[in-house]
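Thanks for making time this morning. I would like to walk you through one model, beginning with a single residue and working outwards, so please have a look at it first.

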Amino acid sequence: MKRVISLVLILSIAFTLSSETITHASFKYKYESYDEEEFPLWTRELRRAETIFFGSLVFTVPISSLAVGVLSNQGVVNFSDDTGSALAVITTAAGLSLVVSAVDWILGKIE
């Protein structure tokens, strides 16, 4: 089984490295970047907030997991099952990421 998995991984890497980009003459569409005025300001701000929200989850999930674990071990909070603990970690991380996005938006408005 390990040999099959290794072979599939090696072949997928080999095919990826040898793949050809779409630059054929028969390909009639060319990439055009967006203009500044093509989208309203609020959609660009929303896109930035979304990117910061999901990007900060990388940092807030471990922090909230650590905080919930410490509070649970100290007896401050008591979860009857693992689902409650996981829900607490996810909601705390999402709240922290929302705060990070809001602070970035406020700092952008101040500048």
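Let me start at S101, which sits in helix α3, a helix here being a DSSP run of H or I with at least four residues, a strand a run of E with at least two, both numbered from the N terminus. I should say at once that this is a predicted model, in which local features need pLDDT of at least 70 and side-chain atom pairs count only at pLDDT 80 or more, while totals for chains, interfaces and linings use all residues. Residues are numbered from 1 along each chain as its sequence is written, and side-chain values use heavy atoms, with hydrogens and water left out.

Is S101 buried or exposed? Its relative accessible area is 6%, so S101 is buried, where buried means under 20%, exposed over 50% and partly exposed in between, with a 1.4 Å probe and protein chains only. Leaving aside residues up to four places away in sequence, S101 touches A49, I52 and F53, a contact meaning heavy atoms within 4.5 Å.

Now compare G55, a residue of helix α2, which counts as partly exposed at 35% relative accessibility. G55 and S101 are 46 residues apart along the chain, and their C-alpha atoms are separated by 9.8 Å.

How, then, do the two helices meet? The axes of α2, residues 41-73, and α3, residues 82-110, come within 6 Å and cross at roughly 140°; axes are lines fitted to C-alpha atoms, for helices over the stretch in contact, with angles from 0 to 180 degrees between N-to-C directions. The two helices are therefore oblique to each other, since angles under 35 degrees count as roughly parallel, over 145 as roughly antiparallel, 65 to 115 as roughly perpendicular and the rest as oblique.

F53, which we met as a contact of S101, returns in the aromatic count, which comes to 1 pair, for rings of Phe, Tyr and Trp (its six-membered ring) with centres within 6.5 Å. The rings of F53 and F54 have centres 5.0 Å apart and planes at 85°, so the pair is edge-to-face, given that planes under 30 degrees apart are stacked, over 60 edge-to-face and the rest tilted.

Finally, the whole protein chain has 3 helices and 0 strands, and buried residues make up 9% of its 111 residues. Among its contacts between residues at least 6 apart in sequence, 75% join residues at least 24 apart.
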